[in-house]
Each structure stands twice: as structure tokens, then as C-alpha cells.
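Visitor: I would like to learn how to read burial, contacts and helix geometry from a model. Please show me the structure and start with a single residue.

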Amino acid sequence: MPGLTSLPPFPEDVPTHPLLIVDYELIKAGDEQEIDKLWKAATELGFWYLKNHGVDEGAGAMFDMGQETLALPLEEKMKYEQGDQGFSFGYKASGVQFMDDKGTKDITEFLNISKDDALAWPTPFHRTYPSTVNARMESTVRPFIEQSLAVSNFLIDVLNDKLGLPKGALAELHQVDRASGCTARCIKAPPMVERENKTFLNPHTDFGSLSFLHNRLGGLQVLPPGADKWYYVKPLPGHAICNIGDALNIFSGGILRSNLHRVMPPPKDQAQHERWSLVFFTRPNDDVTLRALAEKSPKIAEAVSKAPLGKYEPGVTAKQWLARRVGSQRATNYKGPESWKERIGTEETTIPLSQAY
């Protein structure tokens, strides 16, 4: 499995930000103390560790599939490239996205596999994929996506109830059998001994509802509320990292926090190794309008009443929001410093310019 062979430990002398550890088995059992911990994490930082989720074995197989696929010749991979129009599924080559207001190109490559394609297999729903993906679609990809959906949607249901929404209100917006931007992504970043001005993934909020991340090396950094510098999140064996995205932030009238984060080279000796990560993004159905569900929850209505008018009414569907944010990252769409503003999500914080941790 990528990322598990003779890796140096995460250093103890770099600034890190603690995350609450949420036990998924306790959440499933209805443990009120654990549910309160999830709520605290989702509303204060928007990030938490998740243990006992049962997806580690499936994630390992997905890392193997990703390694096989990203090892294919570039010419073969480029047959499945996403393109510049905001289409999210397929292969993304290194250097096709810009990372800052200067137009600096990125250095990572990744593969996005659509939930809809995996569940419709062998009939293409959005697109086709390399042979290495097809060979593992039934044995690896589909089971991983189904497991990730089950965990993510259960957590969303718990947050639904804590928001004071009617039972199933958020589930209605995340129906598995309807088209959505839900995606499994396998990411490869090169070894990075020289750290200066190198970013693997620029500061951003996530586009969808809930992200479910598996990684082995450091690199993920968060900007805590009110902070003016970035902090690493230390990977913990057997623990995934979950975070709230823009859609849940909007649906909740800002109660659930979609927090700024970025990915830098791993710290110290870890930077000498390739960095592999795997994430499942749960996103609303394509035709869902992004807006606060104030009419369904007094708690959300109160939050919206305290916010600037229209803040949680972007006036677009989930598909349109995703297409704008994906397309605005492409280097071919860079027109100058103002292009950076076109990719904005729900962030409320000024992004520190420093590349150092």
C-alpha cells in the first residue's frame, strides 16, 4: 500500500492543532456524550478524527488501485483528463491548476471516481475510466464508495437532528440513487525536500457536505478560527479525518463550520517521501439549491437572522457551485490576480500569506 513502507514518524516539534476524536461505533449506538462531541467539533473547528469507522481495509485497497492507476503512462492517463469546464470526474494531471493570485501551477496529480459511475457500473453514468480502475470497480471501488457513503450519511443524519431539522431533511438532499458530485479521490504528491513557496493544495474550504480523509503522512494544515497562522494536523493510525464542507455550512445557516485548510509538504524527514492520500467527498444531489433551511428549523432561522442578508442564499444548485469552484482552479482559466477570487467558497477569514508553518 502506498505510504506505509518505512515512513519516518510525524515530528513532535512542529506546531499542530488538536482535533477531537469521535468514535463512530458510539455515534451509531446513540451515545449522547459522543454525539455532543461530534456537534462540538462540527460547529467549532469543522474538523475531527473519526475512529472505528470500519473503512480502513477498503481504503487500503483503494490506495493500491490509485498507485496502479497513477503509475500508468501520462499519455494513457490524459485520455481521462477532466478538462477545463468544471467537470470534476476523471484524471487531473500535475500543473493544470493554479495555486495563488500569481498563477503558480500545482504539482500534484489525482484521480476522481464518481459515485454515480461506480454504482451504475458497468454502464457509464458520467464518463469512463482507465483499465486499472475498471478491473477493481466491483471488488474495490464500489465497496469503498458504499462504505464511505454509509458512514458520511449517518453522521449527516446525526447533525440533521442536532440542527433541529425534521427527520431526514438533509438525507432528502443527499439521495444515493440520484446524480451528485460525490467523489472518491486518490492523490499523489511528489517528495519535496525544498519547502520554500511550495504548496500541494491551496487554502480553501471544501465544496460539498462532508469530507472523509485517509492519509499516512503529514501535510494537512488548518487555520483555526481567529488564528493568523497555519497548524499541521497530525495523522493518527486507524483514524480518518472528517470535515464539514460549504453545503452543510449553507444548509445550517453557518452553524456547521466549513473551515479553511490547505495541504503543504509533509514536515521535516517526511517530506522526502511521496505523499498519498485518499478522500471521499459527500455532496448534495446536483439539482439541490444551496440555501439555508431556515423554514425547517428555528435554530437555523435564528442563525440566519444574525447574518448579513443573503449570505446563505448563493442562488445556485450544488452542481453549479461545484462546477464554478472546480473550473476556476484550472490554469487555462487564469486571467490575472482577480481570477483567485472566482474560486471563493464560504470562508470568512483573511488567508495568511505566509507559506511557513
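Visitor: Is Gly336 buried or exposed?

Guide: Buried means under 20% relative accessible area, exposed over 50%, and partly exposed in between, with a 1.4 Å probe and protein chains only. Gly336 has 10% relative accessibility, so it counts as buried. Gly336 sits in the segment after helix H10 (318-327). Helices (H or I, at least four residues) and strands (E, at least two) are DSSP runs, numbered from the N terminus.

Visitor: What should I know about the source of these values?

Guide: This is a predicted model, in which local features need pLDDT of at least 70, side-chain atom pairs count only at pLDDT 80 or more, and totals for chains, interfaces and linings use all residues. Residues are numbered from 1 along each chain as its sequence is written, and side-chain values use heavy atoms, with hydrogens and water left out.

Visitor: How far apart in space are Gly336 and Gln272?

Guide: Their C-alpha atoms are 33 Å apart, with the two positions 64 residues apart in sequence numbering. Set beside that another pair: Lys102 and Tyr334 are 232 residues apart along the chain, and their C-alpha atoms are separated by 9.0 Å. Lys102 belongs to the loop between strand S3 (90-92) and strand S4 (109-114). Lys102 is exposed, because its relative accessible area is 68%.

Visitor: Which residues is Leu210 in contact with, leaving aside its neighbours within four places in sequence?

Guide: Contact means heavy atoms within 4.5 Å. For Leu210 the partners include Trp48, Ser152, Leu155, Ile156, Phe280 and Thr282. Leu210 is in strand S7 (residues 210-215) and is buried, with a relative accessible area of 1%. Ser152, one of these partners, lies in helix H7 and also counts as buried, at 1% relative accessibility. With the same neighbours left aside, Ser152 is in contact with Leu210, Phe212 and Thr282.

Visitor: How do I check the length of a helix?

Guide: The expected span is 1.5 Å times one less than the number of residues. Helix H7 (residues 137-162) has 26 residues and reaches 36 Å from its first C-alpha to its last, close to the expected 38 Å. Gly164 follows H7 and has a positive phi, near 80°. For helix H3 (residues 56-70), 15 residues should span 21 Å, and the end C-alpha atoms are 21 Å apart, so the two values agree.

Visitor: Which residues in H3 are buried?

Guide: An α-helix has 3.6 residues a turn, so residues three or four places apart point the same way. In H3 the buried residues are Gly58, Ala59, Gly60, Met62, Phe63, Met65, Gly66, Thr69 and Leu70.

Visitor: How do I read the chain as a whole?

Guide: One test uses the radius of gyration, taken over C-alpha atoms, against a globule rule of 2.2 Å times the number of residues to the power 0.38. For 357 residues a compact globule would have a radius near 21 Å; the chain has 19 Å, which agrees. The C-alpha trace spans about 55 × 45 × 45 Å along its principal axes. The chain has 10 helices and 12 strands, and buried residues make up 55% of its 357 residues.

Visitor: What share of the contacts between residues at least 6 apart joins residues at least 24 apart?

Guide: That share is 79% in this chain.
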